[in-house]
Amino acid sequence: MDSEKRWSDLPDHIVINILSYLPLTDRCSASLTCKNWYECFDDPTLWRRFTFHFKNDQDTGQLQCLARHGRQLRVVKIYLNQQELVNRQNACEVLTGLARCSDRRLEELSVTFTTENPLFFQGLEFLSSLAELFGPPDPGTKMVSTLTKVDLSGLSVTYRDNLLYLLADNHPNLQVLNLQNTSLMCFINPECMHIVVKKCPKINSLSMHYRSASEELFAELSDQTRTPLNYLSLACNREEKYHKVIPADSWKSLVRRHKHLRVCMKFDHTIERHRILTILDPQIPLVELHMRTMTELHDEVSIVALYYHKTLEYLAIVTKGSDELKRVLLHLVEQSPRLHTLHCYCALDEVTIDRIRALRPQLKKYTLKTAEEFDLLVPTLVGHSARSAVM
């Protein structure tokens, strides 16, 4: 009996589950197995999530999925090699196509560049396409859902206030917003971020540049009527030289309002060293810290051990090695029971590495280098540092 069973006899939910694990080309081929599989190929549940990959002109065929299933898409990720014009055009066509769907169900969006920007590239076409997607829909468009998660950290372009105003005005249910990209300049003004947060009271995860923060923003985030803020990430670079430091009272109010708040701080190689100590406040519930510079950071590591030994879980540091740094780093490791990830590119010796392993055998991920590697300074703000471990 079993030998007489056919692929078409499989229940629809099993076929759909199989197809969900296949890349687009294999999914299309599998749909030709039989009529039942072909019908499952068009099932709306199969098209709630989709990732577009644009590497060359052969990937243009993915746009057919947008025309056919755009109304079902809820979670969209776009990865592209922005060096090639055709890839940029295809990615922008996805963004505008999503904006022009007759029934819009899109809730989550992320766009990521996978290579270096071409010379003189400003990304204006992406800003225009995103503005259409974030802006008010056409009169004939049915907005079944609005955006709840937007991740623009992978776009190496400079954002302006008007883009975020469109997002806040038309997507008040926004919950997750990540603006920490590798653009050399941040033009999002503190007033703009304050308005965005005020118009989107459900934001529970916010990643932004420190330059865009303000006392008014923190006061708004501390409002009792807001959804609890679970995660806040602040990226600091050279522009903080002219930016007012967030006062301790603002951090205190924020922490008092959000008992489970987790904070990440990122300092890149362009920031002036003395600014790090002024920005780091003992009130911050710091769980993740990135410090990357070509100067010595032993004073900063010592302060981190003093302020955040009870909360620190993740540390990535790129700096010049020294005996003093080894000493304070060992002290930090010893005093930080929650530390599970440690990446050090600062010329540690084998004795120090062995001591770190002995103090924290529960480290899940670590990189402990015996030579300085300043090539890791760029890019500085997107994602975590290298995951390789010296075993």
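**Two helix pairs and a few odd residues**

In cysteine 264, the sulfur sits 9.6 Å from the closest cysteine sulfur, that of cysteine 236, and this is too far for a bond. The model is a predicted one, and what follows is a walk through some of its local features.

To stay with the cysteines for a moment: a disulfide is a covalent bond between the sulfur atoms of two cysteines. For a pair to be counted here, the two sulfur atoms have to lie within 2.5 Å. Seen from the other end, the sulfur of cysteine 236 has its closest cysteine sulfur in cysteine 264, and at 9.6 Å that is too far for a bond. The tally for the model is 0 disulfides. Both of these cysteines are tucked away: cysteine 236 is buried, with a relative accessibility of 0%, and cysteine 264 is buried as well, also at 0%.

Next comes helix α6, which runs over residues 124-134. Which of its residues are buried? They are Phe126, Leu127, Ser129, Leu130, Leu133 and Phe134. Why do these residues end up on the same side of α6? Around the axis they take up an arc of only 165°, which puts them on the same side of the helix. The spacing fits a simple rule of thumb: an α-helix has 3.6 residues a turn, so residues three or four places apart point the same way. Quite a few elements help to cover the buried residues of α6, among them the strands β2 (75-80), β3 (103-104), β4 (108-113) and β6 (149-154). The helices α5 (85-99) and α7 (161-170) are also part of that cover.

Two packed helices are described by the angle between their axes and the distance between the axes. For α5 and α6, the angle is about 15° and the axes are 8 Å apart. The two helices are therefore roughly parallel to each other, and their crossing is left-handed. On the α5 side, the contact is made by Arg88, Ala91, Cys92, Leu95, Thr96, Leu98 and Ala99. Helix α6 brings Glu125, Phe126, Ser129, Leu130, Glu132 and Leu133 to the contact. Of these, Phe126, Ser129, Leu130 and Leu133 also appear among the buried residues of α6.

Strand β4 supplies a good look at this part of the model through leucine 109, which is placed in that strand. Leucine 109 is buried, at 2% relative accessibility. Setting aside neighbours within four places in sequence, leucine 109 touches Leu95, as well as Leu130, Leu133 and Phe134. The other contacts of leucine 109 are Val76, Leu147, Lys149, Val150 and Asp151. Between β4 and α6 there is a loop, and phenylalanine 120 is part of it. Phenylalanine 120 is a bit of an oddity, with a positive phi of about 65° although it is not a glycine. Is phenylalanine 120 buried or exposed? With a relative accessibility of 82%, phenylalanine 120 counts as exposed.

How far is it from here to α14? The C-alpha atoms of leucine 109 and isoleucine 356 lie 40 Å apart, with their places 247 residues apart along the chain. Helix α14 covers residues 350-359, and its buried residues are Thr352, Ile353, Ile356 and Leu359. Down the helix axis, these buried residues fall within an arc of 130°, so they line one face of α14. Val351 and Ala358, on the other side, are exposed. The cover over the buried face includes α13 (323-335), β13 (341-345) and β14 (365-368).

Helix α13 packs against α14 at an angle of about 10°, with 9 Å between the axes. These two helices, too, are therefore roughly parallel to each other. Lys326, Leu329, Leu330, Val333 and Glu334 of α13 meet Thr352, Arg355, Ile356 and Leu359 of α14. In the loop between β13 and α14 sits alanine 347. Its phi is near 55°, which is positive in a residue other than glycine. Alanine 347 counts as partly exposed, at 22% relative accessibility.

Lastly, leucine 315 belongs to strand β12 (residues 314-318) and is buried, with a relative accessible area of 1%. Not counting residues up to four places away in sequence, leucine 315 touches Leu289, Leu329, Leu332, Leu339, Thr341, Leu342 and His343. Between the C-alpha atoms of leucine 315 and phenylalanine 50 there are 33 Å, and the two residues are 265 residues apart along the chain.

Conventions
Residues numbered from 1 in each chain as written. Predicted model: local features only at pLDDT ≥ 70, side-chain atom pairs only at ≥ 80, totals over all residues. Heavy atoms only, no water. Buried < 20%, exposed > 50% of the residue type's maximum accessible area, 1.4 Å probe, protein only. Helix = DSSP H or I, 4+ residues; strand = E, 2+ residues; numbered from the N terminus. Arc of directions from axis to C-beta. Contact = heavy atoms within 4.5 Å. Axes fitted to C-alpha atoms, helices over the stretch in contact; angles between N-to-C directions. Parallel < 35°, antiparallel > 145°, perpendicular 65-115°, else oblique. Left-handed = near helix turned anticlockwise from the far one by under 90°.
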